[in-house]
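Grab a pencil and open the viewer. Below are some short exercises, each with a worked solution to check yourself against.

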Amino acid sequence: MSPSPSPDAAAGGPDLPLAAITVLDLTIARAGPTAVRQLADWGADVIRVDAPVDGFEEGREASSDHLNIHRNKRSLVIDLKNPSGRELLHRLARSADVLIENLRPTVKYRLGFDWETLHAVNPTLVMGSISGFGQDGPYATRGGVDQIAQGLGGMMSVTGLPGHGPVRAGVAISDVTAGLQLAIGVLVALIERSRTGEGRWVHTSLLESMIGMLDFQAARWTVAGEDPPQAGNDHPTMIPMGTYEAADGHINIAAPGGRLWRAFCAEIDRPDLVDDERFSSTKLRSANRSELNNLIGERLAQANCDEWVERLNAVGIPCGRVNTVAEAFADPQVEHLGMAAPVHHPAMGDIRIVRNATQIDGVPGDIRRPSPARGEHTNEILAQFGLEPDEISALRNAGAVS
């Protein structure tokens, strides 16, 4: 039996694409919550199953990260080490559509929410899992975090300046990518379920997401046998396409060939570079990259970023300033897109968080609710799933919920 509609439904929730989907969120850190956030933003009734306070999560509710990643969710606390808590989770799973977790593969078996167990409880349930390195294999039991996956998956070897050693990406790229990949997989599984009536186990890992994110750099190896080196701020294979210093900052420019290359040379008052035999083809420009970049840099240093951006864009050459995060949010295009969405938090007041980067015409994309306090909705959620007040009190007395 499906649970009763959540309070979001009374506030316009049914108009959202995933309003009929109930998600149990057993995630921690970033990768799993990123996947769940995608579903929450599009209207799913996301129930965050928090554990009793532990060392990892303690004090995080007021952090900017927590406020941003757990919006549009509700929270109840279940102690899954308590037999009554595990039984309660199974009861919730019988009526849920999706359960997502990103603990070490062995933990879910110990706590009773592995795929085999949950599929027997509810054959229509879609389960999503993210691990560090995969659900099986020689590294399956290892703990995995973003930077380890970046290193193991090759990302750090192609990031940074040549000769300066490996560099991590400036964001938790394997966490975020794994979360997005899992969200896509869960949505595909839900569509398949509408045809077959059968739930599926969808899983990915930080390592798999990192290999996938290498994209053309990975294909350089798998197809051509070329192990890509670091290229710094230059494109690995095309030039000029990279970061250059103007008089008051840095700009990115993409003029790698053809009309763009000719227009670029004309605009920086170096039309002679087009016919220079050192730079007359993509291959030769790449071979003489350092020399060409020095010549370009000499010209760009003679004017400010904004002047070059205006001039180059006027002739169709893609370019843009290199902003700090603060400058990015002050950029007129970013302001126009509304990437910083307002929300009122009962403890933090009026704050802004980063809205979903995808827009669907005709579908509202506002933030419906702020991140929840731990256990804020325990009674509300359990009543929604049909538990009577005396049952809830018994669970509290047994220490199974709080």
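Helices here are DSSP runs of H or I with at least four residues, strands are runs of E with at least two, and both are numbered from the N terminus. One more thing before you start: this is a predicted model.

**Exercise 1. Get the overall picture of the chain: its secondary structure, its span and its burial.**

Start with the count: the chain has 19 helices and 11 strands. Next comes the span, where the C-alpha trace covers about 85 × 45 × 45 Å along its principal axes. Then look at burial: 48% of the 402 residues count as buried. For the outside, the chain exposes about 19,500 Å², with 54% of that supplied by carbon and sulfur atoms. Finally, take the contacts between residues at least 6 apart in sequence; 70% of them join residues at least 24 apart.

**Exercise 2. Find the largest nonpolar core and say which elements build it.**

Step one is its size: the core holds 29 residues, and Leu 24, Leu 99 and Phe 113 have the most contacts inside it. Step two is to see who contributes. Two or more residues come from each of strand 1 (22–26), strand 2 (45–50), helix 4 (83–95), helix 5 (105–111), helix 6 (115–121), helix 18 (378–384) and helix 19 (389–397). Helix 4 gives the largest share, 4 residues.

Step three is to zoom in on Leu 99. Leaving out residues up to four places away in sequence, Leu 99 touches Leu 24, Leu 26, Leu 89, Phe 113, Leu 118, Leu 125, Val 126, Met 127 and Gly 128. There's also a second, separate core of 25 residues, which includes Tyr 244, Ala 255, Ala 303 and Cys 305.

**Exercise 3. Work out how strand 2 is covered and how it pairs with strand 1.**

Count first: 6 of the 6 residues in strand 2 are buried. Now split them by face. Asp 45, Ile 47 and Val 49 sit on one side, Val 46, Arg 48 and Asp 50 on the other, and all of them are buried, so both faces are covered. As for pairing, strand 1 and strand 2 run parallel and are joined by 4 bridges. Pick Val 23 and look across: its bridge partner in strand 2 is Val 46.

**Exercise 4. Is Leu 103 buried or exposed, and what does it touch?**

Place it first: Leu 103 is in the loop between strand 4 (98–101) and helix 5. Its relative accessible area is 19%, and buried means under 20%, so Leu 103 counts as buried. Now the neighbours: beyond four places in sequence, Leu 103 touches Leu 26, Ile 28, Phe 113 and Ile 130. Take Leu 26 from that list: 77 residues separate it from Leu 103 along the chain, while their C-alpha atoms are 8.4 Å apart.

**Exercise 5. Set Ser 174 beside Phe 329 and describe the surroundings of each.**

Ser 174 lies in helix 8 (residues 173–196) and is buried, because its relative accessibility is 0%. Not counting residues up to four places away in sequence, Ser 174 touches Asp 146, Ala 149, Leu 206, Ser 209 and Met 210.

Phe 329 is in helix 16 (residues 325–330). With a relative accessible area of 32%, Phe 329 is partly exposed. Together with Val 325 and Val 354, Phe 329 makes a nonpolar surface patch of about 250 Å².

**Exercise 6. Track down some unusual backbone values and say where they sit.**

Here's the yardstick: most residues other than glycine have a negative phi, and most peptide bonds are trans.

- Asn 72 has a positive phi, near 65°. Asn 72 sits in the loop between helix 3 (64–69) and strand 3 (73–77), and at 1% relative accessibility it is buried.
- Asp 215 also isn't a glycine, yet its phi is positive at about 50°. Asp 215 is in the loop between helix 9 (206–214) and helix 10, and its relative accessible area of 53% makes it exposed.
- The peptide bond from Ile 239 to Pro 240 is cis, with omega near -5°. Pro 240 belongs to the loop between helix 10 (216–222) and strand 7 (241–246).

Key. Residues are numbered from 1 along each chain as its sequence is written. This is a predicted model: local features need pLDDT of at least 70, side-chain atom pairs count only at pLDDT 80 or more; totals for chains, interfaces and linings use all residues. Side-chain values use heavy atoms; hydrogens and water are left out. A nonpolar core is a set of buried Ala, Val, Leu, Ile, Met, Phe, Trp, Tyr and Cys residues joined through side-chain atoms within 4.5 Å. Buried means under 20% relative accessible area, exposed over 50%, partly exposed in between (1.4 Å probe, protein chains only). Contact means heavy atoms within 4.5 Å. Patches are made of residues with over 30% relative accessible area and no salt bridge: like charges are joined within 9 Å, nonpolar side chains (Val, Leu, Ile, Met, Phe, Trp, Tyr) within 5 Å. Accessible areas come from the Shrake-Rupley method with a 1.4 Å probe; for residues, only the protein chains shown count as cover. A salt bridge is a side-chain nitrogen of Lys or Arg within 4 Å of a carboxyl oxygen of Asp or Glu. Two strands pair if DSSP finds at least two bridges between them.
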